[in-house]
Amino acid sequence: MTVIDRYAVFGNPIKHSKSPRIHKLFAEQTGQTLVYEAQEVPTEQFSSAVKTFFADDGKGLNCTIPLKELAWAFADHKTERAQLAKAVNTLALQADGSILGDNTDGVGLITDLTNNHGINLADRNVLILGAGGATRGIIKPLREQSVKSIVVANRTIDKAINLATEFVKFGHIIGCGFEVLNKQHFDLIINATSTSLTGQLPPLPTNILAENGVCYDLAYSNEPTTFVRWGQENNALKSLDGLGMLVEQAAEAFFIWRGVRPLTEPVIKQLNDERLR
Ligand code: ATR
């Protein structure tokens, strides 16, 4: 009997995840035979759920909020980018039975910004809102695009300052609170807080987006998120949510698991069409 390779996304909540749809489209497009399911996993059951999954023909997992740090701790070994992020969104069973942890979020964001939206990041002043795992995963990939400066603003100021201290070895970066943001204009503002999930917004001054500046929310939703709306109201050239990043990070995970790189453009188009319905 042929056993079909199993993949899944673990999260909590997970009902509205688009990952099963994305991986189904990737599998159809590339002619790969696999199943990919979504499973709601409470944090306290994470470790046992992962062990059961891999013992039961599971080949790879995606982990999303709030499980990425637990996945990082669970992995037997990690890629450099996962190590830096201290967060893992992709677990992959290796030939020797060990579990590799990777983080494909950063590359997903950069691919969406540069390839899909034609945004040149070189020499840009970037503001990142939030100082959690999502921010940790995108600083080095942004640096590798030769951005001019990165400011990390966070509600808990100490977290932003500590993060800046840790990442300054990759280039100019400042950590601060939201209240000091009114002195500079930013070409790109990235929302890496969890505020969009609750319909909130960090307290942002209205004059901080440069002319032709771009807003990008790492979260995605069928309706424009509060931050996407803030970008529109503040005359952003583009105000984007994270649907493209979601598809790109999924493509990277698919490549890690299957060794095949799916085309992302038709899948992004399909998902955008579906959410407009
Ligand atoms: P993730 O791994 O997705 O980054 P996280 O580590 O829990 O999740 O980080 C969530 C981020 O959203 C944090 O930067 C948090 O700010 P604090 O460090 O001050 O907690 C930020 N955040 C959450 N709710 C917020 C709110 N209402 N206003 C501003 N920032 C908020």
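This is a short exchange about the ligand and the largest pocket in a predicted model.

Reader: How do you know that N154, R155 and K159 make polar contacts with the ligand?

Author: A polar contact is a pair of N or O atoms within 3.5 Å. An oxygen atom of the ligand is 2.7 Å from an N or O atom in the side chain of N154, one is 2.9 Å from such an atom in the side chain of R155, and a polar side-chain atom of K159 lies 2.7 Å from a ligand oxygen, so each pair meets the definition. The protein covers 75% of the 650 Å² of accessible area that the ligand has on its own, by the Shrake-Rupley method with a 1.4 Å probe.

Reader: What makes the space taken by the ligand a pocket?

Author: On a 1 Å grid over the protein atoms alone, a pocket is an open set of points with protein on both sides within 12 Å along at least five of seven lines, and lining residues have an atom within 4 Å of a point. The ligand takes the space of the largest pocket, and a molecule sits in a pocket if more than half of its atoms lie within 2 Å of its grid points.

Reader: Which residues line the largest pocket nearest its centre?

Author: Of its 50 lining residues, I65, T193, S194, L197 and A219 lie nearest the centre, and the pocket holds about 1,600 Å³ of space.

Residues are numbered from 1 along each chain as its sequence is written. In this predicted model local features need pLDDT of at least 70, side-chain atom pairs count only at pLDDT 80 or more, and totals for chains, interfaces and linings use all residues, while side-chain values use heavy atoms, with hydrogens and water left out.

Note on methods. Polar contact = N/O pair within 3.5 Å; in protein donor to acceptor, adjacent residues only side chain to side chain. 1 Å grid on protein atoms, 1.4 Å probe; cavity = no way out; pocket = protein on both sides within 12 Å on 5 of 7 lines; lining within 4 Å. Points joined across faces, edges and corners; volume = space filled by probe spheres on them.
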